[in-house]
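User: I'd like a close look at one small part of this model rather than a tour of the whole thing. Here it is.

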Amino acid sequence: MKKEDIKKYLPHREPFLFVDEIIELEEGKRIYGLYKVKEDSFWIKAHFEDFPIMPGVLILEALAQISLLIYKDLAKDKIPIFVKIESFTFKKPVFPGDTLYLESKVISEKMGFIKFDIKSTKNGEVVGEGKIIATLKGKEELVK
């Protein structure tokens with residue numbers, strides 16, 4: 001699945017869409033995809049001007065975005081909400097020009113909340129890994 005198809009399921013848009021391609025998808029179970037870190041990303045001049053490193057929160061955001069695509073048909077009519085970082089460890093920096101591979105597996109679903117085991121890699125090495133919790137909500141549920 002390419003970026004134009006991904007946009008049918010996620011409400012995010014550039015410069016805040018951090019999934020370029022889905023390589024594998026087992027609906028409701030697991031997903032594998034990638035994000036190509038652009039040389040002109042919006043954060044480069046500020047994080048850090050003479051040595052740009054992708055902010056960790058954006059790596060986590062990419063993993064959260066791809067995680068909710070596991071439920072792409074549900075996500076089409078709902079807003080994906082990143083609820084909690086249960087655990088996460090950063091292991092390697094990510095630079096402009098890197099390709100970030102994103103993996104997510106559903107661990108459990110309970111009371112509308114989904115727990116994911118997530119991992120990002122580049123060049124075969126783990127960049128970061130952990131567990132997050134997210135949910136899908138209708139817009140009307142969010143403005144109550």
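Which residues form one aromatic cluster? Please walk me through them and what surrounds them.

Analyst: Quick housekeeping before the rings: this is a predicted model, so local features need pLDDT of at least 70 and side-chain atom pairs count only at pLDDT 80 or more, while totals for chains, interfaces and linings use all residues. Residues are numbered from 1 along each chain as its sequence is written, and side-chain values use heavy atoms, with hydrogens and water left out.

Your cluster is made of F16, F18 and Y35. Rings of Phe, Tyr and Trp (its six-membered ring) pair if their centres lie within 6.5 Å; planes under 30 degrees apart are stacked, over 60 edge-to-face, and the rest tilted. The structure holds five aromatic pairs. In one of them, the rings of F16 and F18 sit with centres 5.0 Å apart and planes at 70°, so that pair is edge-to-face.

How exposed are these two? Buried is under 20% relative accessible area, exposed is over 50%, and partly exposed is in between (1.4 Å probe, protein chains only). F18 is buried at 0%, whereas F16 is partly exposed at 36%.

Now follow F18 and Y35 to M54. Leaving out residues up to four places away in sequence, M54 touches F18, Y35, V37, W43, H47, I59, V94 and L100, where contact means heavy atoms within 4.5 Å. M54 also belongs to the largest nonpolar core, a set of 36 residues in which M54, L69, L102 and F116 touch the most other members. Such a core is a set of buried Ala, Val, Leu, Ile, Met, Phe, Trp, Tyr and Cys residues joined through side-chain atoms within 4.5 Å. Among the elements that each supply at least two residues of this core are β2 (30-36), α2 (56-68) and β4 (99-110); α2 gives the largest share, eight residues. Helices (H or I, at least four residues) and strands (E, at least two) are DSSP runs, numbered from the N terminus.

For contrast, here's another ring pair. F16 and F18 are edge-to-face, but Y32 and Y101 are stacked, 6.0 Å centre to centre with 15° between the planes. Y32 is in strand β2 and Y101 in strand β4, so this pair ties together parts that are 69 residues apart in sequence. Y32 is partly exposed at 23%, and Y101 is partly exposed too, at 27%.
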